[in-house]
Amino acid sequence: GILQFVKTPKFAMFLNFLTTYLDLVSTVSKVFQDNDSTVEAVFRRVENAVKSLTKLANPGKLNRILSDGLEERDGSVLWKGTQLHTGRPQRGRAGNLATYKEEVLQDCQRICNSTLHHLGRRFDVILSNSVFTSARVLFQFSTWPEEDEDDDFGEDNIRTLYQHFQAVLDHKGFDIDSSIREWEELKSVCRAQLATVQRQPAF
């Protein structure tokens, strides 16, 4: 019955995996449910989820997650002290913990890789777009370096935006050199203003 199924090593390992996997995926889901989410928030959340899922798909890390609470003792497989049902070994296949773990590990890797594939299809345009990335760096205070580490921060991003919108900007009489000078002044003003607030903005 169902109880015998949920007390198998494979099911216990898969639950260990889901505990970590669903926690990662839910962070992406939550950012879309938040009415106050910005494009920047989505960018950061998806970027972090992609990095975490890539690490999760690593066999070494998966092996540690799947093994949590499981042990072999006197020919039996236990999960946190509870004996699990291993069933009858199939002909030509060992019925030990290592065999079950290898099968579940492959399934978990397929799930991670499939999730990364679909996240990529949906968000790669944002994550790899140089114009969006430049705008994000310029207008997201959390990406700004400390003043003593500035080192011409933002100038290349302004040039990237200029190249993208050059036809429109040139028509309006835009001057890139003046813009760079004004950018330096703007950074000083923003940093001075931020230094006076008790709580730093989340953006």
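**Helix H6 and the nonpolar cores**

At the start of helix H6 (residues 130–139), a side-chain oxygen of Asn129 comes to within 2.9 Å of the backbone nitrogen of Val131, where helices (H or I, at least four residues) and strands (E, at least two) are DSSP runs numbered from the N terminus. The model is predicted, with local features requiring pLDDT of at least 70 and side-chain atom pairs counting only at pLDDT 80 or more, while totals for chains, interfaces and linings use all residues. Residues are numbered from 1 along each chain as its sequence is written, and side-chain values use heavy atoms, with hydrogens and water left out.

Val131, Ser134, Arg136, Val137 and Leu138 are the buried residues of H6, buried meaning under 20% relative accessible area, exposed over 50% and partly exposed in between (1.4 Å probe, protein chains only). Their cover includes helix H3 (39–56), helix H7 (155–164) and helix H9 (176–194).

The largest nonpolar core (a set of buried Ala, Val, Leu, Ile, Met, Phe, Trp, Tyr and Cys residues joined through side-chain atoms within 4.5 Å) has 28 residues, and those with the most contacts inside it are Met13, Phe17, Leu56, Leu66 and Leu70. Two or more residues are given to this core by each of helix H2 (9–33), H3, helix H4 (59–67) and helix H5 (97–127), and the largest share, eight residues, comes from H5. When neighbours within four places in sequence are left aside, Phe17 is in contact (heavy atoms within 4.5 Å) with Leu56, Leu62, Ile65, Leu66, Cys108, Ile111 and Cys112. Apart from this core lies another, of twelve residues, among them Val137, Leu138, Tyr162 and Cys190.

Definitions and conventions. Polar contact = N/O pair within 3.5 Å; in protein donor to acceptor, adjacent residues only side chain to side chain.
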